[in-house]
Amino acid sequence: MKTLHKLDFPLQMTLLIGSALSMLIDTAFGFFGFFFVIGGWQALMALAFVFDDKEFRDSGRNAYERVLLTVLGIGIISAFFPAVLFSFGFIMLFIGVIMAIWNMNIAYREYQLAKSNHQVWDID
């Protein structure tokens, strides 16, 4: 998993820059790139890091995962009510950006931890 932590942040930055550049070609793809490609990658990494060792996990990841699970649950419940689903989707345009920045911050701190090659010692 250490390698995945080393790859997560650079790949997120690559996806972000690629999505920004794609807006020059097609603005609709840029919008979808920012919200679905980056968000999809972050959700995939959150799922992968659920089973990760605590050595390379940032303390904020647990809170992020709880918020992500809550948002997912609200999204599933709102899928049964079209008016609520529309409102949920609109609100997620803003909350998604905040969560993406939060996740990128966590990924950067975990990247630094994995890159530092330090040993964790339990001192009694």
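Visitor: Buried means under 20% relative accessible area, exposed over 50% and partly exposed in between, with a 1.4 Å probe and protein chains only. What kind of model is this?

Guide: This is a predicted model, where local features need pLDDT of at least 70 and side-chain atom pairs count only at pLDDT 80 or more, while totals for chains, interfaces and linings use all residues. Residues are numbered from 1 along each chain as its sequence is written, and side-chain values use heavy atoms, leaving out hydrogens and water.

Visitor: OK, salt bridges. How many are there?

Guide: The count comes to 3 salt bridges, a salt bridge being a side-chain nitrogen of Lys or Arg within 4 Å of a carboxyl oxygen of Asp or Glu. One of them joins Arg-57 to Glu-65, with the closest N and O atoms 3.1 Å apart.

Visitor: Is that Glu-65 buried or exposed?

Guide: Glu-65 counts as buried because its relative accessibility is 17%. Its partner Arg-57, at 11%, also counts as buried.

Visitor: What does Asp-58 pair with?

Guide: Asp-58 forms a salt bridge with Arg-109, and the closest N and O atoms are 2.5 Å apart. Asp-58 lies in the loop between helix H2 (27-49) and H3, and Arg-109 lies in helix H4, so the pair ties together parts that are 51 residues apart in sequence. Helices here are DSSP runs of H or I with at least four residues, numbered from the N terminus. Asp-58 is buried at 11% relative accessibility, whereas Arg-109 is partly exposed at 28%.

Visitor: And which residue does Glu-110 meet?

Guide: The side chain of Glu-110 meets that of Arg-61 in a salt bridge at 2.8 Å, N to O. This pair links distant parts of the chain, with Glu-110 in helix H4 and Arg-61 in helix H3, 49 residues apart. Glu-110 is buried with a relative accessible area of 0%, and Arg-61 counts as buried at 1%.

Visitor: Switching to nonpolar packing. Which residues make up the largest core?

Guide: The largest nonpolar core has 7 residues: Ala-46, Tyr-64, Val-71, Phe-88, Met-92, Met-99 and Ile-106. H3 (60-78) and H4 (82-115) are the elements that give two or more residues to this core, and H4 supplies the largest share, 4 residues. A nonpolar core is a set of buried Ala, Val, Leu, Ile, Met, Phe, Trp, Tyr and Cys residues joined through side-chain atoms within 4.5 Å.

Visitor: How many aromatic pairs are there?

Guide: The structure holds 4 aromatic pairs. The ring centres of Tyr-64 and Trp-102 are 5.3 Å apart and the planes are at 85°, so this pair is edge-to-face. Rings of Phe, Tyr and Trp (its six-membered ring) pair if their centres lie within 6.5 Å; planes under 30 degrees apart count as stacked, over 60 as edge-to-face and the rest as tilted. Tyr-64 is buried, with a relative accessible area of 3%, and Trp-102 is partly exposed at 28%. Separately, Phe-9, Tyr-108 and Tyr-111 form one aromatic cluster.

Visitor: Last thing: where does H1 bend?

Guide: H1 bends by about 30° at Asp-8, and a proline, Pro-10, follows within four residues. The bend at a residue is the angle between axes fitted to the seven residues ending there and the seven starting there. Asp-8 is among the buried residues of H1, including also Phe-9 and Gln-12.
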